[in-house]
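Colleague: Before I use this model at the bench, I should like to understand the terms applied to it. May I ask for the grounds behind each one?

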Amino acid sequence: MTTQVQPKPLLEDRTFLRHFWHPVCTRDELETAHPSGRGPLAVTLLGNRLAIAKLGGKIVAMDDRCAHRFAALSKGTVVDDTIRCNYHGWRYDSSGKTVHIPACPELPIPRKAATNTYQCVLKYDLVWVRLDSSWDCTEVPYFSDWDTPDMRNVVVPSYGWNTAAERRWENFTDLSHFAFVHPGTLYDPAYDRPPIPTVDRVDGELRFAIKPPPEMIDKLPENAPMGTFTYRCTMPFSINLKLELYKDSSAFTLWTTSCPVDDTHCRNFLIISRAQKDNDPDHVHTAFQKVVLQEDQPIIESQFPAEISAEEVSLPTDKVSNQYRKWLRELSIAATEGKEAFVRTLKTGVRDEPIKA
Ligand code: FES
Ligand SMILES: [Fe+2]
């Protein structure tokens, strides 16, 4: 039997992703994981299994492994601002230290009786975790409309895809697939030649803008959010897509981000932000996005291997993904050189050449 040769992944080392903040669950998912409303909830980030819980009013992320006999802490119970392992009852405080061992409470607690904890914050109703805060050089990604008074935000339940987070990012920003994957939903198939935007690097974000053909708007469902598209994409996986809708010039933002669960899986988060004057109930928008996602998912999960590869054939019309890949690769290499190189590669602005008419 011969084995099919697998293309080499573009990112041989994804350790650099540990320096970024990543979303792991929605606030709602944490609060409904257990009747207490405080977790714990099991999540996986970059192959690390974590337990998330609310202890003493703050959200904590710790390795999902009890130091005693390695049972999962996410199977435990929150008791008095500790997580109690439900195998033999060891209790962990928010710093990950064991503070109580029921079997021998009179003995000193062994020094190694602890589990690692990670920086964890709640923002945009999502729980964010940074596995490596030693360089402390990244922030929770940009979202234009979370606090905008005239906008209404809907946090959609997260959804898992069997692919790398990079592929989900590329799918969301891909301009050439609309005519083929979303005909009649988001696009008129006649417009199959995408524009090529200028793509700039600005302060840790990729920025670009496009204008889908306004003349096709009459042929699409009324709730297809079509208008001028302005993207601000905080590296590595967040996308703030701001639209000025063709139908009535109102503001509409699709904000998406992905958790890199491991090299071949991602968990995705979507927040739909629209003008308050839009009287449609939330479910009209969430149902429409679900249809779009169901069109995307099978084709994206068909890409194999799940990891992006330099052996894929790129075109000038793939400029957004080409620029994204280039930056990801530079970041992955810079991280091996140290903090200074990494910060320089992340923060240095790069202006694209304007497209000549
Ligand atoms: S395995 Fe957790 S207390 Fe024993
Ligand atoms: Fe799509």
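The exchange below takes the terms in turn.

Modeller: This is a predicted model, in which local features need pLDDT of at least 70 and side-chain atom pairs count only at pLDDT 80 or more, while totals for chains, interfaces and linings use all residues. Residues are numbered from 1 along each chain as its sequence is written, and chains are lettered from A and ligands numbered from 1 in the order in which they are written.

Colleague: Why is C233 called buried?

Modeller: A residue is buried if 20 or more other C-beta atoms lie within 10 Å of its own, exposed if 12 or fewer, and partly exposed in between, with C-beta atoms placed from the backbone. C233 has 25 C-beta neighbours inside 10 Å, and therefore counts as buried.

Colleague: Where does C233 sit, and what is it in contact with?

Modeller: C233 belongs to strand β14 (residues 227-234); strands (E, at least two residues) and helices (H or I, at least four) are DSSP runs, numbered from the N terminus. Contact requires C-beta atoms, placed from the backbone, within 7 Å. Apart from neighbours within four places in sequence, C233 is in contact with T173, E205, L206, S238 and I239. The C-alpha atoms of C233 and F143 are separated by 9.3 Å, and these residues are 90 apart along the chain.

Colleague: What makes helix α2 mostly covered?

Modeller: In helix α2 (residues 165-173), nine of its nine residues are buried. Among them are W169, F172 and T173.

Colleague: Which strands form the open sheet that includes β14, and which are its edges?

Modeller: Seven strands, in the order β11-β17-β16-β15-β14-β13-β12, form this sheet with antiparallel pairing. Two strands pair if DSSP finds at least two bridges between them. The edge strands β11 (151-161) and β12 (200-202) each pair on one side only.

Colleague: How do you know that β11 and β17 are paired?

Modeller: β11 and β17 (residues 265-275) share nine bridges in the antiparallel sense, which meets the requirement of at least two bridges and therefore makes them a pair. One bridge joins V156 to L270 in β17. Helix α4 (residues 282-302) lies across β11 and β17, at about 30 degrees to β11; such angles run from 0 to 180 degrees between N-to-C directions, with axes fitted to C-alpha atoms, for helices over the stretch in contact.

Colleague: Why are β1 and β2 said to stand at the edges of their sheet?

Modeller: Their sheet has six strands in the order β1-β10-β9-β4-β3-β2, with antiparallel pairing. β1 (21-26) and β2 (41-45) each have a single partner strand, so one side of each is left without a neighbour in the sheet. The twist averages 35 degrees from one strand to the next. β2 pairs with β3 (residues 48-55) over five bridges, and A42 stands opposite A51 in β3.

Colleague: Why is the largest nonpolar core placed between the domains?

Modeller: A nonpolar core is a set of buried Ala, Val, Leu, Ile, Met, Phe, Trp, Tyr and Cys residues joined through C-beta atoms within 7 Å. The largest has 76 residues, and V24 is one of those with the most contacts inside it. Both domain 1 (19-130) and domain 2 (151-347) give residues to this core, so it lies between them; the domain bounds come from an automatic or database domain assignment. V24 touches residues including V43, L45 and C259.

Definitions and conventions:
Two residues are in contact if their C-beta atoms, placed from the backbone, lie within 7 Å.
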